[in-house]
Amino acid sequence: MAPMAAIELPPPPPAHVRWLEPGDLELRFGTGTNPRVRGDAGWALWALSWWGFEGAADLGLVRLGPFALSGGAQLNYGTPVVLRTATNGALAYFIPEGTTRVKARSVGVDARGALHVSRKEDAYVHPYFVSAFGPRWLMVEASRDGNVVDGRASWSQMSWSFTPSLGMDIVLGRGFVLNGELGWSEGVQAEAESDVSLSAVGFSVIDKQGSGSREAPRGMVFSTALGWRF
């Protein structure tokens, strides 16, 4: 009996035009905007943290014809370096006696799932729909160490948000991917805390803490990143 001829399978698509197959991992690093904080000081707080550094990891899970599912996580961190430096410089110039400092930062962690659509696995453009859910922290701190007046003030907010977005991967050479996402972030719940203390010539003038629920951040968000798929 003659041996069966070996079945030759077609070669896999080149790495630089391969879409996210099950088991593929895509890592991305870039920048993006944050949703606007609600309330009277919302625009000011948004200006303090409107952008952030972002990192994300997506793992291909299932492929069904022209559709593919992936799951992953993303992390973003923002601090207004230019605005913070300018503010602290201006305070030092106009209030030279003592030291005044202002700091702000935002941190977000999300779990995400995406549905990718592509009729051709060797296409260079792959659109997808992604949903992310997770907590976000926004913190603002100010301090004053002076010859007469000393003070500390801090405000923090933790919220949960659900963010559906439309995204697009543009596949580059050697497994690199240029990525963009546009979505709407809807805050689900927010809790804020504040702490203010002020003393003059060694005597306490203000010492107040507060906490409570407030309207969660929401609004349009955009991100862009460069990734590597392997």
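Here are a few exercises on this predicted model, each with a worked solution.

**Exercise 1. Get the overall layout: how many helices and strands does the protein chain have, and in what order do they run?**

Solution. Start with the tally, which comes to two helices and nine strands. Next, walk from the N terminus: the elements go β-α-β-β-α-β-β-β-β-β-β. To round this off, look at burial: of the 230 residues in the protein chain, 35% are buried.

**Exercise 2. Check how far to trust the model: where is confidence lowest, and where is it highest?**

Solution. Begin with the average, a pLDDT of 82 for the protein chain, with 89% of the residues scoring at least 70. Then go element by element. Helix α1 (residues 42–48) sits at the bottom with a mean of 70, while strand β3 (residues 67–78) tops the ranking at 92.

**Exercise 3. Classify the aromatic pair of Phe-133 and Trp-160, and work out which parts of the chain the pair ties together.**

Solution. The count for the model is two aromatic pairs, and Phe-133 with Trp-160 is an aromatic pair too. Take the geometry: the ring centres are 5.6 Å apart and the planes make an angle of 25 degrees. Pairing needs centres within 6.5 Å, and planes under 30 degrees apart count as stacked, so this pair is stacked. Now place the residues: Phe-133 belongs to strand β5 (residues 125–145) and Trp-160 to strand β6 (residues 149–171), so the pair links parts 27 residues apart in sequence. Finally, check exposure. Phe-133 has 41% relative accessibility, so it counts as partly exposed. Trp-160, at 33%, also counts as partly exposed.

**Exercise 4. Take apart the nonpolar patch on the surface: which strand supplies the largest share?**

Solution. List some members first: the patch includes Leu-59, Leu-61, Phe-67, Leu-115, Phe-129 and Leu-166. Together, the patch residues have about 870 Å² of accessible area. Then sort by strand: β2 (51–64), β3 and β4 (99–117) each bring at least two residues. The largest share, four residues, comes from β2. Zoom in on Leu-61, which lies in strand β2. Its relative accessibility is 48%, and exposed would mean over 50%, so Leu-61 is partly exposed.

**Exercise 5. Decide on Ser-118: buried or exposed, and which side chain does it contact?**

Solution. Locate Ser-118 first, in the loop between β4 and β5. Its relative accessible area is 7%, and the cut-off for buried is under 20%, so Ser-118 is buried. As for contacts, the side chains of Ser-118 and His-126 are joined by a polar contact of 3.1 Å.

Terms used
Residues numbered from 1 in each chain as written. Predicted model: local features only at pLDDT ≥ 70, side-chain atom pairs only at ≥ 80, totals over all residues. Heavy atoms only, no water. pLDDT = per-residue confidence, 0-100. Phe/Tyr/Trp six-rings, centres within 6.5 Å; stacked < 30°, edge-to-face > 60°. Buried < 20%, exposed > 50% of the residue type's maximum accessible area, 1.4 Å probe, protein only. Patch = residues over 30% accessible without salt bridge, like charges linked within 9 Å, V, L, I, M, F, W, Y side chains within 5 Å. Areas by Shrake-Rupley, 256 points an atom, 1.4 Å probe, with all protein chains shown as cover. Salt bridge = Lys/Arg side-chain N within 4 Å of Asp/Glu carboxyl O. Polar contact = N/O pair within 3.5 Å; in protein donor to acceptor, adjacent residues only side chain to side chain.
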